[in-house]
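Subject: Handing over the structure

Hi,

Here is the structure I promised to pass on to you. Have it open while you read, and click on the residues as they come up.

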Amino acid sequence: MLVKSIVRFTLGIKDHYIVSVKLIGNELKIDLDAKRRRKLPCSICGKRARPRDKLKERTWRHVSLWGIAVRLYYRPRRIECPEHGVRVESIPWSMGKKPISFPLITVLSFWSRMLPWDQVAKLFGVSWNTVRAAVEAAVEYGRERESYGDVRFIGIDEISRKRGHTYHTNVYDLERKRLIWSGAHRDKDSLRRFFEWWGKERTAAIEGVCCDMWRNYIDVIHEYCGEAVIVFDKFHIVRHLMEAIDKVRRMEARMLAEAGCEDLKGTKYIWLKNPWNLTESQKITLSGLLKSNFKIVRAYLLKEMFRRLWDYRSRTWAAKYLKRWFWWATHSRLKPLRDFAWMLRRHEEGILAYFDLRIDNAIVEAMNNNAKAISHRARGYRTENTFSLALIHGLGDLQLPQCQHRFL
Ligand SMILES: [Zn+2]
């Protein structure tokens with residue numbers, strides 16, 4: 001029968017054969033059996049040995065055929081491996097104890113990198129939970145084939161979920177530009193869980209860690225990874241500066257508005273954007289305002305001066321410049337800028353470390369946009385673990401399971 005050959009072809013089996021194919025209700029029931037007098041491979045070492053008994057029947061959901069659900073039925077054999085004793089055979093279409101066939105794992109995990117999971121489920125006529133299980137299996141498969149042996153620089157960042165109500169801690173490989181770990185929350189325990197998983201040996205290989213000036217992260221890095229150099233991410237530093245600038249604008253705009261002056265109305269982005277990104281009309285507004293003696297103008301000039309810090313090649317000169325900027329900021333009579341300057345002072349070592357290692361979380365910014373896309377597709381990411389799983393699957397650059405036949 002033709003269906004038999006098709007199923008045999010998609011499973012790529014040699015030691016097994018298809019006993020029967022029956023259409024029961026709207027499901028194709030495929031019964032499989034092991035060929036007689038054939039030695040079967042040990043599930044641990046792959047060495048072949050004679051089967052000794054049968055276990056009870058297991059079933060696997062397989063790739064649907066013309067929209068008809070396909071399920072495989074088979075009683076796994078136990079063999080006597082000379083090395084490992086009595087073991088279950090290695091079943092070619094199976095992955096561990098998963099109730100879905102390896103080809104189905106391949107197909108579902110491939111498409112769920114590109115499409116929302118509920119659509120993948122609909123497309124292949126399986127449940128959302130089956131798609132999740134396939135992704136989990138694929139990540140497991142990829143992780144087993146990935147040693148992460150060459151990771152020297154990691155970036156740590158947080159990502160918000162549910163509109164900022166919950167956070168996830170993400171750890172990136174800065175050189176190969178991929179996500180290596182994701183876990184719920186952004187407290188000390190979140191990062192501890194990463195280091196526990198990462199292990200002593202790989203932690204010892206880490207030379208630099210890039211992160212925000214965030215006490216929780218800093219403490220845990222010292223705890224686990226004391227040898228590595230901590231570099232505070234320049235994008236985070238600039239973000240803190242922008243917050244300070246905006247605080248100055250808000251306070252002043254409010255005061256002016258009370259006095260009936262609307263000059264700062266609608267100027268928020270003029271002060272925050274890079275000058276070369278301003279529109280023509282914004283440029284005109286800015287050059288007019290720069291002639292005033294508003295506080296925001298002083299803040300703006302300090303912001304523009306701060307940018308030059310990153311141009312320094314040598315740490316020594318950068319340190320000198322930072323000292324000068326600190327003096328300007330602390331004498332600016334602008335509290336938000338003074339607070340920012342003092343924050344830099346408290347974290348000076350990690351800021352200047354940038355000039356030794358030159359690492360930053362730029363790739364993290366780009367990947368966070370992808371992560372947001374993943375979380376927007378996220379209809380159905382009901383739990384934290386599923387969200388982490390989706391992120392690793394989408395951004396981890398892990399090897400996907402592959403089988404001979406491509407179904408779609
Ligand atoms: Zn064995």
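Below is what I found in it, going from the domains down to single residues.

Before anything else, please keep in mind that this is a predicted model.

**The domains**

The protein chain splits into domain 1 (1-94), domain 2 (153-232 + 361-395) and domain 3 (234-357). Notice that domain 2 is written as two stretches of the chain, 153-232 and 361-395. If you take the centres of domain 2 and domain 3 over their C-alpha atoms, they sit 29 Å apart. The two do touch: 10 residues of domain 2 are in contact with 11 residues of domain 3. Which elements give two or more residues to the domain 2 side of that contact? They are β14 and α15 (362-376). Strand β14 provides the largest share of that side, with 4 residues. Sorted by class, the domain 2 side has 6 nonpolar, 2 polar and 2 charged residues.

**The nonpolar cores**

A bit of background first: in soluble globular proteins, nonpolar side chains tend to be buried together. Here the largest nonpolar core has 58 residues, and the ones touching the most other members are Ile154, Tyr172, Val209, Ala299, Leu337 and Leu391. Helix α7 (residues 234-258) gives this core its largest share, 6 residues. Domain 2 and domain 3 each supply at least three residues to this core.

Try clicking on Ile154. Setting aside neighbours within four places in sequence, Ile154 is in contact with Val171, Tyr172, Asp173, Leu174, Ile206 and Val209. Another core lies apart from the largest one; it has 30 residues, including Leu28, Leu104, Val131 and Tyr141.

**Three strands in a row**

Now have a look at strand β11 (residues 166-173). Is β11 mostly covered or mostly open? Mostly covered: 6 of its 8 residues are buried. Strand β10 (residues 153-161) runs antiparallel to β11, and 8 bridges join the two. One pair to look for is Ser160, which stands opposite Tyr167 of β11. Strand β12 (residues 178-184) also pairs with β11 in the antiparallel sense, this time over 5 bridges. There, Asn170 has Ser182 in β12 as its bridge partner.

The hairpin of β11 and β12 has 4 residues between its strands, and Lys177 in that hairpin has a positive phi near 55°. Most residues other than glycine have a negative phi, and most peptide bonds are trans. Lys177 is not a glycine, yet its phi is positive. Lys177 counts as partly exposed because it has 15 C-beta neighbours inside 10 Å.

Tyr148 is another case: it is not a glycine either, and its phi is positive at about 55°. You will find Tyr148 in the loop between α4 (128-144) and β10. Its 16 C-beta neighbours inside 10 Å make Tyr148 partly exposed.

**A helix with two sides**

Helix α6 (residues 215-224) is a good one to turn around on your screen. Its buried residues include Tyr217, Val220 and Ile221. Why are these on the same side of α6? Because they cover an arc of only 105° around the axis. An α-helix has 3.6 residues a turn, so residues three or four places apart point the same way. On the other side of α6 you have Arg215, His222 and Glu223, which are exposed. Among the elements covering the buried residues of α6 are β10, α5 (188-204), β13 (208-211) and β14 (229-232).

**Two pairs from separate parts of the chain**

Last, two pairs to find for yourself. Asn385 lies in helix α16 (residues 384-395). Asn385 and Gly183 are 202 residues apart along the chain, but their C-alpha atoms are separated by 7.4 Å. Asn385 counts as partly exposed, since 14 C-beta neighbours lie inside 10 Å.

The other pair starts from Trp317 in helix α11 (residues 315-330). Between the C-alpha atoms of Trp317 and Phe355 there are 9.8 Å, and 38 residues separate them along the chain. Trp317 has 13 C-beta neighbours inside 10 Å, so it is partly exposed too.

Have fun with it!

Terms used:
Residues numbered from 1 in each chain as written. Predicted model: local features only at pLDDT ≥ 70, side-chain atom pairs only at ≥ 80, totals over all residues. Buried ≥ 20, exposed ≤ 12 C-beta atoms within 10 Å, placed from the backbone. Pairing = 2+ DSSP bridges. Arc of directions from axis to C-beta. Contact = placed C-beta atoms within 7 Å. Domains from an automatic or database assignment. Nonpolar A, V, L, I, M, F, W, Y, C, P; charged D, E, K, R; others polar. Core = buried A, V, L, I, M, F, W, Y, C linked by C-beta atoms within 7 Å.
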